[in-house]
Amino acid sequence: MPVSSVVRPTGHPGYSETFPAVEESAEAARKLVRIALATWHLDDLEDSGVLIVTELVANAVKHTNTRSIRVVISRPSERFVRIGVVDKARVIPEMVKSGDDDLLASGRGFVLIDALAERWGTDMHRWGKQVWAELHREPAA
(Lines give C-alpha, C1' and ligand atoms only; values in the text may rest on other atoms or scores of the structure.)
Protein backbone atom coordinates (compact mmCIF):
# COMPACT_ATOMS: atom_id res chain seq x y z
CA MET A 1 0.00 0.00 0.00
CA PRO A 2 2.37 2.81 1.02
CA VAL A 3 4.79 3.45 -1.79
CA SER A 4 7.67 3.78 0.64
CA SER A 5 8.18 2.23 4.03
CA VAL A 6 8.84 5.64 5.58
CA VAL A 7 5.68 7.50 6.57
CA ARG A 8 5.97 11.16 5.62
CA PRO A 9 3.49 13.97 6.24
CA THR A 10 3.71 14.90 2.57
CA GLY A 11 5.05 13.02 -0.36
CA HIS A 12 4.68 11.97 -3.92
CA PRO A 13 2.82 9.95 -4.94
CA GLY A 14 1.70 9.08 -1.42
CA TYR A 15 -0.49 6.02 -1.71
CA SER A 16 -1.49 4.23 -4.88
CA GLU A 17 -2.82 0.87 -5.86
CA THR A 18 -4.10 -0.78 -9.02
CA PHE A 19 -7.50 -2.46 -8.97
CA PRO A 20 -9.65 -4.30 -11.52
CA ALA A 21 -12.08 -1.93 -13.26
CA VAL A 22 -15.14 -3.37 -11.51
CA GLU A 23 -17.67 -1.80 -9.14
CA GLU A 24 -16.39 -3.89 -6.23
CA SER A 25 -13.05 -2.05 -6.39
CA ALA A 26 -14.71 1.01 -4.85
CA GLU A 27 -14.56 -0.62 -1.39
CA ALA A 28 -10.81 -1.23 -1.67
CA ALA A 29 -10.34 2.34 -2.94
CA ARG A 30 -12.26 3.70 0.07
CA LYS A 31 -10.03 1.68 2.38
CA LEU A 32 -6.91 3.11 0.72
CA VAL A 33 -8.25 6.66 1.17
CA ARG A 34 -9.03 5.98 4.84
CA ILE A 35 -5.50 4.62 5.43
CA ALA A 36 -3.82 7.60 3.76
CA LEU A 37 -5.92 10.18 5.59
CA ALA A 38 -5.48 8.45 8.95
CA THR A 39 -1.70 8.24 8.43
CA TRP A 40 -1.57 11.96 7.65
CA HIS A 41 -3.88 12.75 10.62
CA LEU A 42 -6.51 14.15 8.27
CA ASP A 43 -9.44 12.13 9.57
CA ASP A 44 -11.69 15.19 9.24
CA LEU A 45 -11.48 14.79 5.44
CA GLU A 46 -12.48 11.11 5.48
CA ASP A 47 -16.19 11.46 4.67
CA SER A 48 -15.55 13.70 1.67
CA GLY A 49 -12.56 11.65 0.52
CA VAL A 50 -14.51 8.39 0.63
CA LEU A 51 -17.41 9.88 -1.35
CA ILE A 52 -15.06 11.38 -3.94
CA VAL A 53 -13.10 8.18 -4.54
CA THR A 54 -16.34 6.20 -4.78
CA GLU A 55 -17.63 8.51 -7.51
CA LEU A 56 -14.31 8.58 -9.38
CA VAL A 57 -14.08 4.79 -9.38
CA ALA A 58 -17.71 4.43 -10.46
CA ASN A 59 -17.17 6.87 -13.31
CA ALA A 60 -14.06 5.05 -14.55
CA VAL A 61 -15.77 1.66 -14.36
CA LYS A 62 -18.97 2.82 -16.06
CA HIS A 63 -17.58 5.08 -18.77
CA THR A 64 -14.36 3.37 -19.86
CA ASN A 65 -13.57 -0.05 -21.21
CA THR A 66 -10.26 -0.33 -19.37
CA ARG A 67 -9.42 -3.53 -17.50
CA SER A 68 -7.80 -1.84 -14.52
CA ILE A 69 -7.75 1.49 -12.73
CA ARG A 70 -5.17 3.03 -10.45
CA VAL A 71 -6.20 4.98 -7.35
CA VAL A 72 -3.69 7.61 -6.27
CA ILE A 73 -3.82 9.64 -3.05
CA SER A 74 -1.19 12.33 -2.68
CA ARG A 75 -0.55 15.31 -0.52
CA PRO A 76 0.85 18.08 -2.71
CA SER A 77 1.02 20.44 0.28
CA GLU A 78 0.21 20.57 3.99
CA ARG A 79 -3.31 21.81 3.27
CA PHE A 80 -4.30 19.76 0.23
CA VAL A 81 -4.98 16.09 -0.46
CA ARG A 82 -5.44 14.95 -4.05
CA ILE A 83 -7.47 11.83 -4.80
CA GLY A 84 -7.28 10.55 -8.35
CA VAL A 85 -8.29 7.63 -10.50
CA VAL A 86 -6.20 6.72 -13.52
CA ASP A 87 -7.59 4.82 -16.50
CA LYS A 88 -6.54 4.21 -20.09
CA ALA A 89 -9.46 5.99 -21.77
CA ARG A 90 -8.77 9.34 -23.39
CA VAL A 91 -12.30 10.73 -23.05
CA ILE A 92 -12.54 13.78 -20.80
CA PRO A 93 -15.39 13.47 -18.28
CA GLU A 94 -17.97 16.24 -18.15
CA MET A 95 -20.20 17.40 -15.37
CA VAL A 96 -23.87 17.12 -16.29
CA LYS A 97 -25.68 20.45 -15.94
CA SER A 98 -28.45 20.62 -13.36
CA GLY A 99 -31.15 21.11 -16.02
CA ASP A 100 -30.17 18.05 -18.05
CA ASP A 101 -32.57 15.12 -18.05
CA ASP A 102 -29.54 12.79 -17.86
CA LEU A 103 -28.88 14.04 -14.32
CA LEU A 104 -31.84 11.99 -13.08
CA ALA A 105 -30.42 8.74 -14.44
CA SER A 106 -26.73 9.37 -13.90
CA GLY A 107 -24.21 12.17 -13.91
CA ARG A 108 -24.61 13.19 -10.29
CA GLY A 109 -21.07 12.04 -9.48
CA PHE A 110 -19.28 15.12 -10.74
CA VAL A 111 -21.94 17.40 -9.25
CA LEU A 112 -21.16 15.78 -5.89
CA ILE A 113 -17.40 15.98 -6.46
CA ASP A 114 -17.72 19.64 -7.45
CA ALA A 115 -19.60 20.36 -4.21
CA LEU A 116 -17.12 18.51 -1.97
CA ALA A 117 -13.77 19.33 -3.55
CA GLU A 118 -11.81 22.55 -3.49
CA ARG A 119 -11.16 21.88 -7.17
CA TRP A 120 -11.11 18.93 -9.57
CA GLY A 121 -9.90 18.22 -13.06
CA THR A 122 -8.42 15.83 -15.58
CA ASP A 123 -4.77 15.34 -16.51
CA MET A 124 -4.48 13.86 -19.99
CA HIS A 125 -1.62 11.52 -20.86
CA ARG A 126 -0.59 9.81 -24.07
CA TRP A 127 -1.87 6.51 -22.66
CA GLY A 128 -5.00 7.73 -20.83
CA LYS A 129 -5.94 10.15 -18.08
CA GLN A 130 -6.17 10.85 -14.38
CA VAL A 131 -9.33 12.40 -13.01
CA TRP A 132 -8.66 13.97 -9.63
CA ALA A 133 -10.20 16.06 -6.89
CA GLU A 134 -8.48 18.06 -4.16
CA LEU A 135 -9.67 18.40 -0.62
CA HIS A 136 -8.56 21.42 1.37
CA ARG A 137 -7.85 21.47 5.06
CA GLU A 138 -8.21 24.75 6.88
CA PRO A 139 -5.11 25.68 8.88
CA ALA A 140 -5.35 25.13 12.61
CA ALA A 141 -6.28 28.26 14.54
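The following legends describe close-up views of a predicted model.

**Figure 1. Overall arrangement of helices and strands in the predicted model.** The protein contains four helices and five strands. Along the sequence these elements follow the order β-α-α-β-β-α-α-β-β. Of the 141 residues in the protein, 42% are buried. Among contacts with a separation of 6 or more, 62% are between residues 24 or more positions apart. The exposed surface amounts to about 8,200 Å², and carbon and sulfur atoms supply 52% of this area.

**Figure 2. Strand β5 and its burial.** Strand β5 covers residues 128–136, and nine of its nine residues are buried, so the strand is largely enclosed by the rest of the structure. Gly128, Gln130, Trp132, Glu134 and His136 point one way from β5. Lys129, Val131, Ala133 and Leu135 point the other way. The residues of both groups are all buried, and charged residue names such as Lys129 and Glu134 are therefore found beside Val131 and Leu135 in the list of buried positions.

**Figure 3. Pairing of β5 with strands β3 and β4.** Strand β3, residues 80–87, runs antiparallel to β5, and eight bridges join the two strands. Within this pairing, Val86 has Gln130 of β5 as its bridge partner. Strand β4, residues 119–125, also pairs with β5 in the antiparallel sense, over seven bridges. Here the bridge partner of His125 is Gly128 in β5. The connection from β4 to β5 is a hairpin through two residues.

**Figure 4. The hairpin of strands β2 and β3.** Strands β2 and β3 form a hairpin with two residues between them. Their pairing is antiparallel and extends over six bridges. Arg70 has Val86 of β3 as its bridge partner. Val86 is also the residue whose bridge partner in β5 is Gln130, and thus appears in the pairing of β3 with β2 as well as with β5.

**Figure 5. Helix α2 and its packing surface.** Helix α2 comprises 18 residues, 46–63; at 1.5 Å a residue it should span 26 Å, and its end C-alpha atoms are 26 Å apart, which agrees. The buried residues of the helix are Gly49, Val50, Ile52, Val53, Leu56, Val57, Asn59, Ala60 and Val61. An α-helix has 3.6 residues a turn, so residues three or four places apart point the same way. The buried residues of α2 pack against helices α1 (25–39) and α4 (108–116). They also pack against strands β2 (68–77), β3 and β5.

**Figure 6. Lys31 of helix α1 and Val53 of helix α2.** Lys31 lies in helix α1. Its relative accessible area is 47%, and Lys31 is therefore partly exposed. Val53, by contrast, is among the buried residues of α2. The two residues are 22 residues apart along the chain, and their C-alpha atoms are separated by 10.0 Å.

**Figure 7. His41 in the loop between α1 and α2.** His41 has a positive phi of about 60 degrees, although it is not a glycine. With a relative accessible area of 60%, His41 is exposed, since the cut-off for this class is over 50%.

Methods
Residues are numbered from 1 along each chain as its sequence is written. This is a predicted model: local features need pLDDT of at least 70, side-chain atom pairs count only at pLDDT 80 or more; totals for chains, interfaces and linings use all residues. Side-chain values use heavy atoms; hydrogens and water are left out. Buried means under 20% relative accessible area, exposed over 50%, partly exposed in between (1.4 Å probe, protein chains only). Two strands pair if DSSP finds at least two bridges between them. The expected span of a helix is 1.5 Å times one less than its number of residues. Contact means heavy atoms within 4.5 Å. Accessible areas come from the Shrake-Rupley method with a 1.4 Å probe; for residues, only the protein chains shown count as cover.
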